[in-house]
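Got your viewer open? Let's take a walk through this one, a selection at a time.

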Amino acid sequence: MTTKGSSKKLNVEDRRAALSSVRRTKNRASSQPAQREPLSPVPDANVRADFSILPGFREMRLQKAAAELLEIDNPFFRAHDGRASALTRIGGKEYINFSSYDYLGLNGHPAVQKAARDAVDRYGISAGASRVVGGERPIHRDLERKIAEVYGVEDAVVFVSGHATNVSTIGQLLQPEDTIIHDAFIHNSIVTGARLSGASRQSFPHNDFEALEGLLRRRSSKKGKVLVAVEGVYSMDGDCPDLTRLVELKRRYGFWLMVDEAHALGILGKTGRGLHEHWNIDANEVDIWMGTCSKTLAGCGGYIAGSRDLTEYLKFSASGFVFSVGMPPPVAASISAAIDMMLAEPERVERVQEAGRCLLKLARQEGLETGTSDGHAVVPVMIGDSIKATTIAARLLGEGVNVLPIIYPAVPERSSRLRFFVTSDHTEEQLKQAVTAVSKVWEEYDRDPVSLAKLAQLAAG
Ligand code: PMP
């Protein structure tokens with residue numbers, strides 16, 4: 001276990017405060033959202049703003065307090081010494097790394113880096129302004145055409161952020177009289193876009209299309225559009241939806257279908273083209289393909305691919321495109337080169353698929369609970385309690401394995417887990433080593449578990 005230096009240890013007062021924070025938040029995590037304290041009706045210009053009244057503030061402090069009580073380093077915002085892929089260096093030491101989206105090992109690939117360097121030489125770094133007013137560079141349209149070709153659809157548009165792509169697109173396409181129906185495990189960016197649009201929002205249990213059909217049947221008489229949103233591969237779970245079934249439902253109920261391919265591009269299908277290739281379905285059956293350039297494509301930004309009407313409309317109206325700077329030319333160039341590599345070297349796709357299957361098999365053989373994962377590059381090891389997940393992740397670092405705990409509020413408290421991202425560069429040996437380490441550390445933890453009572457003891461000094 002990595003411990004903090006004794007000089008950093010909490011004093012008695014801090015320990016008490018930390019413990020009561022732990023208790024308060026623990027209660028809140030399993031009950032209703034916090035009551036906000038009323039603001040003073042007469043603002044006093046001399047008093048500094050009290051940000052601690054904000055929702056989630058105490059939960060944030062809880063994580064820190066609990067980690068300090070347990071004397072474990074904060075697993076978040078860890079500084080890596082260099083490029084992080086299947087291996088990484090932290091504080092001068094090498095670790096097997098499971099915290100990177102670099103699914104096809106393209107981050108730092110010589111061809112991808114050269115494309116970025118050439119673009120820097122030619123265009124500088126910034127796009128200077130929104131493409132609407134600052135103009136674009138040829139590389140922007142080249143990239144969009146290439147993304148459209150990957151799907152075999154009419155066109156694509158790229159945004160500077162994957163998250164903003166979903167927020168702006170959904171925020172623009174839906175109006176308050178519309179409805180968005182999404183999988184319960186959908187990404188935050190889709191929920192945020194739905195909130196922005198003012199549309200009604202409903203969710204169906206993960207991958208349960210009978211439940212989806214029930215919602216559609218009840219909805220079919222009402223006015224307004226219906227958008228159904230799913231992910232190509234679920235980022236916390238490593239499984240994918242049945243696209244055949246969704247397309248059948250779309251034909252029957254006439255909704256707009258949107259697929260977020262953030263974790264599917266490069267992972268699904270023989271050549272990494274994503275969910276439609278996996279199910280062998282014409283991509284034109286889906287109305288809105290969304291993806292990010294920050295995972296397989298080792299860059300930054302997001303895209304929407306589909307009909308020309310859709311992409312032209314978004315370029316004209318989506319706030320995250322119109323009122324935001326264009327993608328930096330070197331990023332656009334490197335993403336374009338990464339797509340070329342993905343298509344030219346399908347063995348990378350095959351290797352990441354193998355690595356995912358292998359990790360899933362090894363974890364199951366070891367008796368670890370892997371949730372609904374099908375091994376599509378993401379394999380969760382379900383722990384079920386955030387203190388345990390955080391402690392095990394911290395101790396795994398001592399075994400040479402860097403894997404992050406996913407805890408409340410990112411997932412419900414009882415679904416706390418370790419999330420393993422695999423890449424095409426992970427070897428079977430590394431995967432075995434990681435699974436063995438998880439078992440070892442888990443057993444050690446169970447021999448001396450951390451409970452609230454133990455935290456109380458620690459807090460009392
Ligand atoms: N959609 C999904 C499913 C994601 O997992 C993420 C981020 N991990 C995003 C959208 C946002 O993408 P980005 O990080 O590239 O902004």
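## First stop: two helices side by side

Start by selecting residues 209–219, which are helix α8, and residues 243–253, which are helix α9: the two pack at an angle of about 10 degrees, with axes 11 Å apart. With that angle, α8 counts as roughly parallel to α9. Now show side chains. From α8, Phe209, Glu210, Leu212, Glu213, Leu216 and Arg217 come into contact with α9, where their counterparts are Arg245, Leu246, Leu249, Arg252 and Tyr253.

Before moving on, keep in mind that you are looking at a predicted model. Zoom out for a moment to take in the whole protein: 17 helices and 13 strands. Buried residues account for 52% of its 461 residues. Among contacts with a separation of 6 or more, 71% are between residues 24 or more positions apart.

## A loop residue and a covered strand

Next, pick Asn207, in the loop between β5 and α8. Its phi is positive, about 55 degrees, although Asn207 is not a glycine. That's worth a click because most residues other than glycine have a negative phi. Is Asn207 buried or exposed? Neither quite fits: Asn207 is partly exposed, at a relative accessible area of 22%.

Follow the chain back to β5 (residues 200–204), which is joined to strand β4 by 5 bridges, the two running parallel. To see one pair of residues facing each other, select Ile180 and, opposite it in β5, Arg201. Strand β4 itself (residues 179–183) is mostly covered, with 5 of its 5 residues buried.

## A buried glutamate

Select helix α5, residues 138–151, and find Glu144 in it. How accessible is Glu144? Its relative accessibility is 0%, so Glu144 counts as buried. What does its side chain pair with? Look for Arg141: a polar contact of 2.8 Å links the two side chains. Leaving aside residues up to four places away in sequence, Glu144 also touches Arg131, Asp155, Ala156, Val157, Val158 and Lys315.

## The β10-β13-β12 sheet

Now bring up an open sheet of 3 strands, ordered β10-β13-β12 and paired antiparallel. The edges are β10 (378–382) and β12 (404–406), each of which pairs on one side only. On average, neighbouring strands here are turned by 35 degrees against each other, direction ignored.

Add helix α15 (residues 386–398), which packs on this sheet and touches β12 and β13. The direction of α15 makes about 45 degrees with that of β13.

Zoom in on β10 and β13 (residues 417–421): 5 bridges join these antiparallel strands. Two pairs to label are Val378 opposite Phe421 and Val381 opposite Leu418.

Then colour β10 by burial. In a regular strand, side chains alternate between the two faces of the sheet. In β10, both faces are covered: Val378, Pro380 and Met382 are buried on one side, Val379 and Val381 on the other.

While you're here, step into the loop between β12 and β13 to find Pro409. What kind of peptide bond joins Tyr408 and Pro409? It's cis, with omega about 10 degrees.

## A mixed sheet

Another open sheet of 3 strands runs in the order β1-β2-β11, and its pairing is mixed. The edge strands are β1 (87–90) and β11 (401–402), each paired on one side only. Select strand β2 (residues 93–97) and β11 to see a parallel pair, joined by 2 bridges. In that pair, Asn97 has Asn402 of β11 as its bridge partner.

From β1, go back into the loop between α2 (57–69) and β1, and pick Phe77. Phe77 is another residue other than glycine with a positive phi, near 60 degrees. Phe77 is exposed, with a relative accessible area of 83%.

## Last stop: α14 and α16

Finish with helix α14 (residues 346–365) and helix α16 (residues 428–447), which pack at an angle of about 30 degrees with their axes 10 Å apart. The pair therefore counts as roughly parallel, and α14 passes α16 in a right-handed crossing. Show side chains once more: Ala355, Cys358, Leu359, Leu362 and Ala363 of α14 make the contact with Glu428, Leu431, Lys432 and Val435 of α16.

Key:
Residues numbered from 1 in each chain as written. Predicted model: local features only at pLDDT ≥ 70, side-chain atom pairs only at ≥ 80, totals over all residues. Heavy atoms only, no water. Pairing = 2+ DSSP bridges. Helix = DSSP H or I, 4+ residues; strand = E, 2+ residues; numbered from the N terminus. Axes fitted to C-alpha atoms, helices over the stretch in contact; angles between N-to-C directions. Contact = heavy atoms within 4.5 Å. Buried < 20%, exposed > 50% of the residue type's maximum accessible area, 1.4 Å probe, protein only. Polar contact = N/O pair within 3.5 Å; in protein donor to acceptor, adjacent residues only side chain to side chain. Parallel < 35°, antiparallel > 145°, perpendicular 65-115°, else oblique. Left-handed = near helix turned anticlockwise from the far one by under 90°.
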